[in-house]
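Welcome! Open your viewer, get comfortable, and let us take a short walk through this structure together.

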Amino acid sequence: MMDRLIFLIIFLNVIVSFIGFANPKFFAKYKFTVSGINQGQYYRYFTSGFLHVGITHLFFNMLTFYFFAPIVAISFDNPQFLLIYIGGLFLGGWMSYRLNQENKSYSAVGASGAVVGILFTSIVLRPDLELFIFFFPIPIKAYVFAIFYVIYTVLGMKNKTDSIGHSAHFGGAIGSLGVALLLKPEILDYSSKNLLLILGSLVLGALIVKFSPKKFR
């Protein structure tokens, strides 16, 4: 059953993360590092997505996944759901590598790429979806949130003023949405407005990333 798959993913994230908390060697071996990828350790694209830097990091990623994964799960079977999740996980890591490959000391962990991918896919699947944001009691249309989230992510990649892996979020959104559309092109039939607005924001963000003279994270 799909519920079991969602809980299995959460369970694996919790178990692997807690092993990483307790075992620095394990954490170092499986986290994402540019130097590791350069040495052909491509498994880090995936294993790093099950590690987290702390309980708060783990909690918010899994909480977001728990709320939005069922929306995606309703429309896809288990193998398809896994492909969407892994698509976000991998492309998030790949984007991080592409934008940081000259920084040999760059490293990252977290399921954020896959989780943001699931979040964006759920927004496309549910055109009527509304979200409540922390400290903001009025619900907003989910696609509006997605557009502003893309803007926030691109600015974060450009300014590099925090420790958040914005490039993984950006790549994760593209990866999961891309896989979902390949699996079910009919999504366009009932969510073309949301999809076009979100994809337009992502394309514009990608162009800014590519042609901006500043370095991105």
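How are α6 and α7 placed relative to each other: parallel or oblique? Keep that in mind as you look around; what you see is a predicted model.

**Stop 1: α6 with α7.** Select residues 78-100 for helix α6 and residues 112-125 for helix α7. Their axes come within 7 Å and cross at roughly 125 degrees. An angle between 115 and 145 degrees counts as oblique, and α6 and α7 are therefore oblique to each other. The crossing in which α6 passes α7 is right-handed. Now show side chains: on the α6 side you will find Phe81, Ile84, Tyr85, Gly88 and Leu89, which meet Gly113, Ala114, Ile118 and Thr121 of α7.

**Stop 2: add α5.** Next, select residues 55-75, which form helix α5. Against α6, this helix packs at an angle of about 130 degrees, and the two axes are 10 Å apart. That makes α5 oblique to α6. Here too you can look for a right-handed crossing, as α5 passes α6. Colour Phe65, Ala69, Val72 and Ala73 in α5, then find Phe81, Ile84 and Tyr85 in α6, which they meet.

**Stop 3: α5 with α7.** Keep α5 and bring back α7. This pair packs at about 35 degrees, with axes 8 Å apart, and its crossing is left-handed. Many side chains take part: among those of α5 are His57, Met62, Phe65, Phe68 and Val72, and the α7 residues in this contact include Val115, Ile118, Leu119 and Leu125.

**Stop 4: a patch on α1.** Finally, select residues 2-22, helix α1, and find Phe11 within it. Together with Leu8, Leu12, Ile15 and Ile19, Phe11 makes a nonpolar surface patch of about 430 Å².

Note on methods
Residues numbered from 1 in each chain as written. Predicted model: local features only at pLDDT ≥ 70, side-chain atom pairs only at ≥ 80, totals over all residues. Heavy atoms only, no water. Patch = residues over 30% accessible without salt bridge, like charges linked within 9 Å, V, L, I, M, F, W, Y side chains within 5 Å. Areas by Shrake-Rupley, 256 points an atom, 1.4 Å probe, with all protein chains shown as cover. Salt bridge = Lys/Arg side-chain N within 4 Å of Asp/Glu carboxyl O. Helix = DSSP H or I, 4+ residues; strand = E, 2+ residues; numbered from the N terminus. Axes fitted to C-alpha atoms, helices over the stretch in contact; angles between N-to-C directions. Parallel < 35°, antiparallel > 145°, perpendicular 65-115°, else oblique. Left-handed = near helix turned anticlockwise from the far one by under 90°. Contact = heavy atoms within 4.5 Å.
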